[in-house]
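Colleague: I am new to this one and would like to learn how to read it. Could we go through it feature by feature?

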Amino acid sequence: MHGVDRSIKKGLRQFLDPEQQRNWLEGKATPADADERSQSLEQRFKYAARLEKLLRRPQAQDVLEILKIYGATCIPIPRTTERRYWSVSCLPTSPDKPLVRVNAGWMELFALHAEADDLRARIILHLSDFTTDGSPEPDHLDQALLEHCVARPEDVGHFHWKADTFGAKVRGAASIRTFLAAPHALRAIRRFNLTHMNRGRNAYQASHCYSLADVMLGEDDQ
């Protein structure tokens with residue numbers, strides 16, 4: 001692998017070989033990340049007002065804490081790949097009005113929405129990680145396994161997207177935290193994120209909010 005020209009590789013393969021990616025996926029190793037971030041001051045200032053608006057919401061503290069967990073555990077080498085291979089949007093102008101959304105490639109990975117004064121999350125995953133036989137068949141979904149990944153069974157629902165893709169809908173900040181920490185769910189999140197970060201450049205770079213990324217990378221002073 002080390003003799004291959006980096007210019008012909010896409011996505012994370014430019015930085016992590018398949019073995020390094022597998023080790024991160026399985027939680028066996030944390031690859032070294034960049035010490036410094038490449039930033040655009042224009043981009044940072046562009047979304048500063050949106051962050052201030054988000055911070056006035058009753059869900060703000062939970063949003064920041066959950067994003068910090070997600071950034072620390074669900075994205076490989078996040079400083080190296082920031083904006084180019086993943087991004088986080090603050091109050092994006094989408095019809096479903098999420099508070100924040102994380103994207104990679106052309107795909108949404110994770111979104112948080114307001115639900116009264118609490119939160120609900122939409123987490124996009126490979127269906128085959130949650131079927132009884134590892135197939136991408138919707139009617140083979142292991143509902144018990146999905147429910148085991150949250151604080152209360154009634155806090156989780158799902159919807160089929162397409163092919164080997166489905167969305168887990170998790171209600172309540174407590175169950176969202178539980179889902180992100182559950183070993184099976186965390187591995188599934190990592191596998192889906194690797195898939196889309198390996199497909200090439202992030203299509204949502206223009207909506208990246210550096211101030212929220214500060215939180216995800218543990219560099220905020222909230």
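Modeller: Start with one side chain. R177 has a relative accessible area of 24%, so it counts as partly exposed. Keep in mind that this is a predicted model.

Colleague: Why does 24% make R177 partly exposed?

Modeller: Two cut-offs decide it. Under 20% is buried, over 50% is exposed, and partly exposed lies in between. R177 has 24%, so it gets the middle label.

Colleague: Which acidic side chain does R177 meet at 2.7 Å, N to O, besides E65?

Modeller: First the general idea. Side chains of opposite charge can pair when their charged atoms come close. Here, R177 and D62 meet in a salt bridge, with 2.7 Å from N to O. R177 sits in helix 7, residues 173-181, and D62 in helix 4, residues 60-73. The two are 115 residues apart, so this pair links distant parts of the chain. D62 is also partly exposed, with a relative accessible area of 24%.

Colleague: And E65: how far apart are its closest atoms and those of R177 in their salt bridge?

Modeller: The closest N and O atoms of R177 and E65 are 2.7 Å apart. E65 lies in helix 4 and R177 in helix 7, so this pair ties together parts 112 residues apart in sequence. E65 has 35% relative accessibility, so it too is partly exposed.

Colleague: How many salt bridges does the whole structure hold?

Modeller: The search finds 14. Take D214 and R37, whose side chains meet at 2.7 Å, N to O. D214 belongs to helix 9 (residues 210-216), while R37 is in the loop between helix 1 (18-25) and helix 2 (41-46), so the pair ties together parts that are 177 residues apart in sequence.

Colleague: Are D214 and R37 buried or exposed?

Modeller: Both are buried. Now look at what surrounds them in the charge pattern. A network of salt bridges links R37, R44, R79, E82, D214 and E219.

Colleague: How are the charges spread over the protein as a whole?

Modeller: Compare the mean positions. There are 31 positive and 30 negative charges, and their mean positions are 6 Å apart.

Colleague: Let us turn to the overall build. How many helices and strands are there?

Modeller: Count 9 helices and 6 strands.

Colleague: What radius of gyration does the protein have?

Modeller: Use chain length as the yardstick. A compact globule of 222 residues would have a radius of gyration near 17 Å, and the protein has 17 Å, so the two agree. Along the principal axes, the C-alpha atoms fill a box of roughly 50 × 45 × 30 Å.

Colleague: What share of the residues counts as buried?

Modeller: Of the 222 residues, 50% are buried. The accessible surface is about 10,800 Å², and 50% of that belongs to carbon and sulfur atoms. Contacts tell of the fold too. Among contacts with a separation of 6 or more, 66% join residues 24 or more positions apart.

Colleague: Show me a buried residue in a helix.

Modeller: Try L51, in helix 3 (residues 48-55). L51 has 6% relative accessibility, so it counts as buried. Leaving out residues up to four places away in sequence, L51 touches C90, S211 and L212. By contrast, take a pair that is separated in space: the C-alpha atoms of L51 and R199 are 29 Å apart, with their positions 148 residues apart along the chain.

Colleague: Where does C209 sit?

Modeller: C209 is in the loop between helix 8 (183-197) and helix 9. A loop residue can still be covered: C209 is buried, with a relative accessible area of 1%. Beyond residues up to four places away in sequence, C209 touches Y47, V88 and C90. C209 and F45 are 164 residues apart in sequence, yet their C-alpha atoms are 8.8 Å apart in space.

Colleague: One last feature, backbone angles. What is the phi of I77?

Modeller: Phi of I77 is near 30°, a positive value in a residue other than glycine. I77 is in the loop between helix 4 and helix 5 (78-81). I77 is buried, with a relative accessible area of 5%.

Colleague: And is A163 buried or exposed?

Modeller: A163 is exposed, at 59% relative accessibility. Its phi is positive as well, about 45°, although A163 is not a glycine. Find A163 in the loop between strand 5 (156-162) and strand 6 (165-171).

How values were computed: Residues numbered from 1 in each chain as written. Predicted model: local features only at pLDDT ≥ 70, side-chain atom pairs only at ≥ 80, totals over all residues. Heavy atoms only, no water. Helix = DSSP H or I, 4+ residues; strand = E, 2+ residues; numbered from the N terminus. Rg over C-alpha atoms; globule rule 2.2 N^0.38 Å. Buried < 20%, exposed > 50% of the residue type's maximum accessible area, 1.4 Å probe, protein only. Contact = heavy atoms within 4.5 Å. Areas by Shrake-Rupley, 256 points an atom, 1.4 Å probe, with all protein chains shown as cover. Lys, Arg positive; Asp, Glu negative; His and termini not counted. Charge placed at Lys NZ, Arg CZ, Asp CG, Glu CD. Salt bridge = Lys/Arg side-chain N within 4 Å of Asp/Glu carboxyl O.
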